[in-house]
Amino acid sequence: MNVSIVGSGYVGTTVAACLADLGHEVTTIDVDQDVVDAVNAGEAPIHEPGLDELVAEHGGDRLRATTDYDAVRETDLTMLALPTPSRDDGSIDLQYMEAGASSVGEALAGADADEPHLVVTKSTVVPTTTEDVLAERIAEAGPERGEDFLVASNPEFQREGTAVEDFLNPDKLVFGTDDERALELLHALYEPLREAADGDVPVVETGIAEAEMIKYANNAFLASKISAINDLGNVCKEFGVDAYEVADAVGLDHRISERFLRSGVGFGGSCLPKDVSAIVAAAREEGYEPAVLQAALDINDRQPERLLSLLDDRVDVDGKRVAVLGLAFKPGTDDCRNTRAKPVVEGLIDRGADVVAYDPVAVEAFREYAPELDFEAAGSAAAALKDAHAAVAVTGWDEFAALDEAFDEMADPVVVDGRNVIERRDGITYEGLTW
């Protein structure tokens, strides 16, 4: 199939490269000429394991990029994979999605196609957005829904750091549409993926609003599970109980499972905080107060301060060098959106600490995300630890688990571990966040 994807961020680029790898002809549309040039040169514009190889193999060939929306005319379907940032009240800002839908509509208005063009919402949007907002923007540009274009929702369930693997080996595919023609196109799009898995990928055929809500429900459950184990971990800490042994036993219950039961400093990234905040705001607009979801957000917001309070119990950091290990919101990515490192670094600076930070890939991204924060960047974890009076682990990079002798170079080896990644040993004053 010929596919166009509007947006070349984490979702759009990964989906485009994976679809090209499945044999489709894919064109990405982006306003950033540098991103377009990178894709056409076979260079991935973002850091994501496995993506460099796919873009290098298909970029400029089955995977192409352009700034011209007229490219949608040459394709069978278009995916909208544009940002939906949060407003101050937690609701999503649809300006980019609306602008993209309008531009797609303008391109389709000048097309002379035998079959209606399918426009698929890939970005996460609150229920009814595709039909009530995006379809309207497309139609306002001239094409007629049902005759010239169809709409559908096909939410993504990809985690940064494992996005390529998640796309190619999904737990499920969700097709939200009210039109059989759209449904046939979605099945054709993913047929190579299902064939590679011997058909062993569940497909959920549902309505558009239901598909939109499935993504929010998915992320809301995950966020609530993380906050629940963090809250339980905090309770374990008060009783001197090993929270990880408790979690291992709880995870054996098939109703719960062991995934997302590693207590720590909280969740971040572009999905869970934004999506839970958005569905909370949307529910309030409808007159319902989602208390459990709000509690999940509140607990998450408190975890960085809890880490800092444990540090306060061990050392007065005023005027002292403190090492921050990890700046990305999770290992395997350079994405710093909603990273727990930001409130941690802010808190350390407010306490008068001289902050030195290290992350394998995310230092520059963190500077762009939090330009107001003044810190020293170290070239390695060992360099960050040298002469430090304390260290905090905020991101669970594997290389931090391999640290050993570097702690001996600290002026005072106080370590507060927010990800259970540092091994306890003699010579380290170790404090786990939840045990």
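Arg-62 comes out as partly exposed, with a relative accessibility of 24%. Keep in mind that this is a predicted model. The residue sits in the loop that links H3 to strand S3 (63-66).

What does Arg-62 touch once its neighbours within four places in sequence are set aside? The list runs Ala-20, Asp-21, Gly-23, His-24, Glu-25 and Val-26. With Ala-20 there is a specific polar reach: the Arg-62 side chain gets to the backbone oxygen of Ala-20 at 2.9 Å. For a sense of scale, Ser-263 is 201 residues away from Arg-62 in sequence, and the two C-alpha atoms are 42 Å apart.

Ala-20 and Asp-21 turn up again in the packing of H1 on H3. Two packed helices are described by the angle between their axes and the distance between the axes. Here, helix H1 (residues 10-21) and helix H3 (residues 51-58) have axes that come within 9 Å and cross at roughly 55 degrees. That angle falls outside the ranges for roughly parallel (under 35 degrees) and roughly perpendicular (65 to 115), so H1 and H3 count as oblique to each other. The crossing of H1 past H3 is left-handed.

On the H1 side, the residues involved are Thr-13, Thr-14, Ala-17, Cys-18, Ala-20 and Asp-21, and they meet Leu-51, Leu-54, Val-55, Glu-57 and His-58 of H3. By type, this contact splits into 6 nonpolar, 3 polar and 2 charged residues.

Over to Asp-166, which lies in helix H6 (residues 163-168). Is Asp-166 buried or exposed? Its relative accessible area is 11%, so it is buried, the cut-off being under 20%. Leaving out neighbours within four places in sequence, Asp-166 is in contact with Phe-157, Gln-158 and Arg-159.

Here are the two residues with their accessibility values:

| Residue | Relative accessible area | Class |
|---|---|---|
| Arg-62 | 24% | partly exposed |
| Asp-166 | 11% | buried |

Last stop is helix H12 (residues 341-350). Which residues of H12 are buried? They are Ala-341, Lys-342, Val-344, Val-345, Gly-347 and Leu-348. An α-helix has 3.6 residues a turn, so residues three or four places apart point the same way. The buried residues of H12 pack against two helices, H11 (291-314) and H13 (363-369), and also against strands S9 (321-325), S10 (354-358) and S12 (390-393). Just past the end of H12, Gly-352 adopts a positive phi of about 90 degrees.

Key: Residues numbered from 1 in each chain as written. Predicted model: local features only at pLDDT ≥ 70, side-chain atom pairs only at ≥ 80, totals over all residues. Heavy atoms only, no water. Helix = DSSP H or I, 4+ residues; strand = E, 2+ residues; numbered from the N terminus. Buried < 20%, exposed > 50% of the residue type's maximum accessible area, 1.4 Å probe, protein only. Contact = heavy atoms within 4.5 Å. Axes fitted to C-alpha atoms, helices over the stretch in contact; angles between N-to-C directions. Parallel < 35°, antiparallel > 145°, perpendicular 65-115°, else oblique. Left-handed = near helix turned anticlockwise from the far one by under 90°. Nonpolar A, V, L, I, M, F, W, Y, C, P; charged D, E, K, R; others polar. Polar contact = N/O pair within 3.5 Å; in protein donor to acceptor, adjacent residues only side chain to side chain.
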